[in-house]
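Here's a short set of exercises to try with the model open in your viewer. Have a go at each task before you read its solution.

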Amino acid sequence: MFTVVKEQGPNVVVEAEGMIHSSDYDVLTPTLEAVVKEHGHANLMIIAEGLKGETPSAMTKDAQFGFGVYRDVKKFALVSDETWLRAAVHMMSPFTSTEERVFGLDERADAEAWLTA
C-alpha cells in the first residue's frame with residue numbers, strides 16, 4: 001500500500017508497505033501529476049519497510065507510471081533495507097533521466113535532505 005505522508009513544494013514522501021495493488025497507483029499518480037502541474041517537476045521519496053511486492057496488475061500500472069509522470073520526477077530517493085528493491089532501482093536507473101539514490105532505513109533524514117537540496 002502507498003501512503004502519501006508529506007507534500008511540500010515539489011517534494012512528495014510516500015510510505016510503501018505490504019503488497020502493492022494497482023489501486024495504489026490511483027493515489028500516487030494523481031498526487032505526482034498535481035505536483036508536476038504546479039511546480040514543473042516533482043521529487044519523490046519512497047520509504048519501503050516491509051514491502052512484499054506488487055500484484056501482476058500493479059506491475060502494469062508501475063510500467064505506465066514509469067513511462068508517464070515519472071519522466072517528470074527530477075530526484076527519486078528510495079529508503080529501504082530490502083536488497084531486492086535496492087537492486088531493482090540500480091538496475092533501472094540507466095533507463096531514466098531521473099537522478100536516483102538509495103538510502104538505508106537509518107538514513108531517512110539524509111534522504112530527505114538530499115531530496116530537498
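Three exercises follow, each with a worked solution.

This is a predicted model, in which local features need pLDDT of at least 70 and side-chain atom pairs count only at pLDDT 80 or more, while totals for chains, interfaces and linings use all residues. Residues are numbered from 1 along each chain as its sequence is written, and side-chain values use heavy atoms, with hydrogens and water left out.

**Exercise 1. Work out the order of helices and strands along the protein chain, then ask how its radius of gyration fits the globule rule.**

Step 1: Take stock of the elements. The protein chain has 4 helices and 5 strands (DSSP runs numbered from the N terminus: H or I of at least four residues for helices, E of at least two for strands).

Step 2: Walk along the sequence, and you get β-β-α-β-α-β-α-β-α.

Step 3: Check the size. The radius of gyration is 13 Å, close to the 13 Å that the globule rule gives for 117 residues, so the chain is as compact as a globular protein of that length (C-alpha atoms only; the rule is 2.2 Å times the number of residues to the power 0.38).

**Exercise 2. Find the strands that pair with strand 3, and give the hand of each crossover.**

Step 1: Start with strand 2 (residues 11–20), which pairs with strand 3 (residues 42–54) in the parallel sense over 9 bridges (pairing takes at least two DSSP bridges between two strands). To get your bearings, put G18 opposite L51 of strand 3.

Step 2: Follow the chain from strand 2 through helix 1 (residues 22–39) to strand 3: this β-α-β crossover is right-handed (with the strands pointing away from the viewer, the path from the first strand over the helix to the second runs clockwise).

Step 3: Now go to strand 4 (residues 73–79), which runs parallel to strand 3 and is joined to it by 6 bridges. Here A42 has V73 as its bridge partner.

Step 4: Strand 3, helix 2 (residues 56–67) and strand 4 form a right-handed β-α-β unit.

**Exercise 3. Which residues of helix 4 are buried, and what do they pack against?**

Step 1: Pick out the buried residues of helix 4 (residues 108–116): A111, W114 and L115 (buried means under 20% relative accessible area, with a 1.4 Å probe and protein chains only).

Step 2: Look down the axis of helix 4. The buried residues fall within an arc of 100°, so they line one face of the helix (the arc uses directions from the helix axis to the C-beta atoms).

Step 3: Look across from them, and you'll find that they pack against strand 2, strand 3, strand 4 and strand 5 (99–103) (contact means heavy atoms within 4.5 Å).

Note on methods. Buried means under 20% relative accessible area, exposed over 50%, partly exposed in between (1.4 Å probe, protein chains only).
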